[in-house]
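This report describes a structural model, beginning with the fold of one chain and moving on to the contacts between its parts. Please keep the sequence and the structure in view while reading.

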Number of protein chains: 2
Amino acid sequence: MTAKMLRWERRPDERPSELLEAALRIFAERGYANTRLEDIAAAVGVTKGTIYHYFSTKEELLLRAVEHYHERAFQPLEEVLHIKSGPVSSVIRLYLRRAFGQLDSNRLSVLTLLVHGVAQEVPEVFHHWLERGPVRGWQILAQLIERGKASGEFRADADSEVAARVTMSGLVLQLAWQQYAVGAPSVAIDADQLIDSTAELLLAGLRPSRAATANA
Amino acid sequence: MTAKMLRWERRPDERPSELLEAALRIFAERGYANTRLEDIAAAVGVTKGTIYHYFSTKEELLLRAVEHYHERAFQPLEEVLHIKSGPVSSVIRLYLRRAFGQLDSNRLSVLTLLVHGVAQEVPEVFHHWLERGPVRGWQILAQLIERGKASGEFRADADSEVAARVTMSGLVLQLAWQQYAVGAPSVAIDADQLIDSTAELLLAGLRPSRAATANA
DNA sequence: GCGTTAACATACTCGCGAGTATATTATCGA
DNA sequence: TCGATAATATACTCGCGAGTATGTTAACGC
């Protein structure tokens with residue numbers, strides 16, 4: 001047994017992302033203002049000073065944490081744009097399930113609440129999140145709808161921009177609120193039902209009516 | 001000219017609502033954490049001590065301010081449930097316009113961002129807002145959709161719960177984000193187009209398909 | 001092995017704002 | 001008109017946590 005044990009390690013490469021992930025998690029749990037940098041440091045096993053070695057301010061830490069999350073989150077989503085076979089409806093169903101299904105929607109919800117919380121305090125973070133997150137999200141869906149319009153699968157007079165926006169943000173908000181289902185029972189709903197029903201409603205709204213088809 | 005002018009008035013009846021309205025406005029502008037009670041007091045022409053004469057804590061002030069807003073906001077919305085003539089579609093269009101149209105959606109957006117900001121700090125306020133605001137909002141719409149299903153105007157297999165939820169929260173979030181259109185230009189959109197297109201998309205999604213009608 | 005320095009820790013400052021204790025004064029009732 | 005007291009102002013406390021200044025040590029290059 002070594003009398004003098006190694007008390008801490010140098011981890012210049014892993015530290016930053018360790019800190020970013022802990023930061024996002026704890027910020028989301030307790031809120032930005034209620035989280036002390038010491039808490040984040042402790043969660044990683046270091047102290048506050050270390051944070052300031054890598055990040056200049058609490059605000060920057062948050063911004064970088066959000067960036068760090070978006071980097072990974074959007075890869076599987078943008079993939080669906082490469083699917084060219086089969087009806088667009090199926091691609092849309094797949095897209096919505098990938099974006100909001102499974103466990104990761106948990107993080108997404110929590111991040112949504114977090115950034116809204118700092119919208120007035122740190123608007124830059126909120127803007128950044130808006131552009132890299134939701135806007136990208138609905139632009140992908142809008143593209144898919146446009147494709148369906150071009151192929152005749154969807155009504156030509158459908159407003160794809162609005163349809164994409166409302167669908168995506170509706171799901172985002174509903175799922176975010178699920179975090180608070182305890183304490184507000186009337187908010188709770190099954191996530192899969194929410195996603196699937198929404199997809200079907202959207203597709204039904206986009207499908208050409210019989211009348212319009214007859215005209216063509 | 002009176003040598004000794006009246007420097008302040010006693011207004012035991014008006015003060016509370018004056019304070020509540022100023023509080024909601026300033027909280028929304030600057031965020032809950034960034035707002036000092038002294039600022040709210042100053043906006044009304046009093047000092048911090050006066051606030052503590054009427055409200056026991058900053059948290060209570062926020063809660064009461066949200067309540068105070070909801071009291072007035074939902075009256076015109078619940079009225080539409082009494083409209084029994086004409087197609088349900090028209091009632092739904094009217095409802096969405098009343099809920100989100102005009103200037104008051106401004107307040108609604110700002111309030112939405114505000115309460116999300118305190119979701120982790122002061123969950124009670126958030127829960128309260130959720131139940132009295134959004135939940136009530138989508139329950140009204142769900143009722144209308146159910147009525148349309150009963151009358152055969154809408155598809156019998158439509159998921160009115162999910163349709164109402166996603167439509168309402170989608171609009172809420174989109175309109176809330178409009179507050180930040182400056183600084184994030186790709187978010188900006190015309191509010192009326194947003195509301196009208198959403199209404200048409202929803203109604204198109206609810207209308208029976210020709211096939212289903214033929215079966216009946 | 002042995003400086004050197006980057007990666008950490010430790011110990012402070014410092015301002016801010018919620019809450020409180022206390023002083024002042026407007027106004028009502030008798 | 002004169003207490004009495006509710007409505008307001010004033011002046012403080014006090015804890016908290018971001019940021020900083022300065023130590024300490026792990027690990028790499030030579």
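Which pattern does chain A follow when read along the sequence? In this predicted model, chain A follows the pattern α-α-α-α-α-α-α-α-α-α-α. The chain holds 11 helices and zero strands.

**Overall form of chain A**

The C-alpha atoms of chain A fill a box of roughly 85 × 40 × 35 Å along the principal axes. Its radius of gyration is 22 Å, whereas a compact globule of 216 residues would have a value near 17 Å. Buried residues account for 39% of the 216 residues in chain A. Among the contacts in chain A between residues at least 6 apart in sequence, 65% join residues at least 24 apart.

**Contact between the protein chains**

In the pairing of the two protein chains, 43 residues of chain A are in contact with 43 residues of chain B. On the side of chain A that touches chain B, the elements giving two or more residues are helix H7 (104-117), helix H8 (123-151), helix H9 (160-178) and helix H10 (191-206) of chain A. H9(A) gives the most to this side, with 12 residues. By class, the side of chain A that touches chain B has 21 nonpolar, 16 polar and six charged residues.

Helix H9 of chain B can be checked for its length. Its 19 residues (residues 160-178) should span 27 Å at 1.5 Å a residue, and because the end C-alpha atoms are 27 Å apart, the two values agree. H9(B) is also mostly covered, with 17 of its 19 residues buried.

**The nonpolar core**

In soluble globular proteins, nonpolar side chains tend to be buried together. The largest nonpolar core of this model has 124 residues, of which Ala23(A) and Ala23(B) touch the most other members. Apart from its neighbours within four places in sequence, Ala23(A) is in contact with Ile40(A), Leu61(A), Leu62(A) and Ala65(A).

**The surfaces near the DNA strands**

The table sets out the classes of residue near each strand.

| Strand | Nonpolar | Polar | Charged |
|---|---|---|---|
| DNA strand C | seven residues | six residues | 12 residues |
| DNA strand D | seven residues | six residues | 11 residues |

Around DNA strand C there are 25 residues, and those that come nearest are Pro12(A), Val46(A), Thr47(A), Gly49(A) and Lys58(B). Helix H3 (48-54) of chain A, along with helix H2 (37-44) and helix H3 (48-54) of chain B, each supply at least two residues of the surface near this strand. The largest share, four residues, comes from H3(A).

DNA strand D is surrounded by 24 residues, the closest being Pro12(B), Val46(B), Thr47(B), Gly49(B) and His53(B). Here helix H2 (37-44) and H3 of chain A, together with H3 of chain B, each supply at least two residues of the surface. The largest share of the surface near DNA strand D, four residues, comes from H3(B).

**Phe55 of chain B**

Phe55(B) lies in the loop between H3 and helix H4 (58-73) of chain B. Is this residue, Phe55(B), buried or exposed? Phe55(B) counts as buried because 20 other C-beta atoms lie within 10 Å, and the cut-off for a buried residue is 20 or more. Leaving aside neighbours within four places in sequence, Phe55(B) is in contact with Glu60(B), Leu61(B) and Arg64(B). Phe55(B) and Phe100(B) are 45 residues apart in sequence, and their C-alpha atoms are 31 Å apart in space.

Terms used. Residues numbered from 1 in each chain as written. Chains lettered and ligands numbered in written order. Predicted model: local features only at pLDDT ≥ 70, side-chain atom pairs only at ≥ 80, totals over all residues. Near = placed C-beta within 6 Å. Nonpolar A, V, L, I, M, F, W, Y, C, P; charged D, E, K, R; others polar. Core = buried A, V, L, I, M, F, W, Y, C linked by C-beta atoms within 7 Å. Buried ≥ 20, exposed ≤ 12 C-beta atoms within 10 Å, placed from the backbone. Contact = placed C-beta atoms within 7 Å. Expected span 1.5 Å × (residues − 1). Rg over C-alpha atoms; globule rule 2.2 N^0.38 Å.
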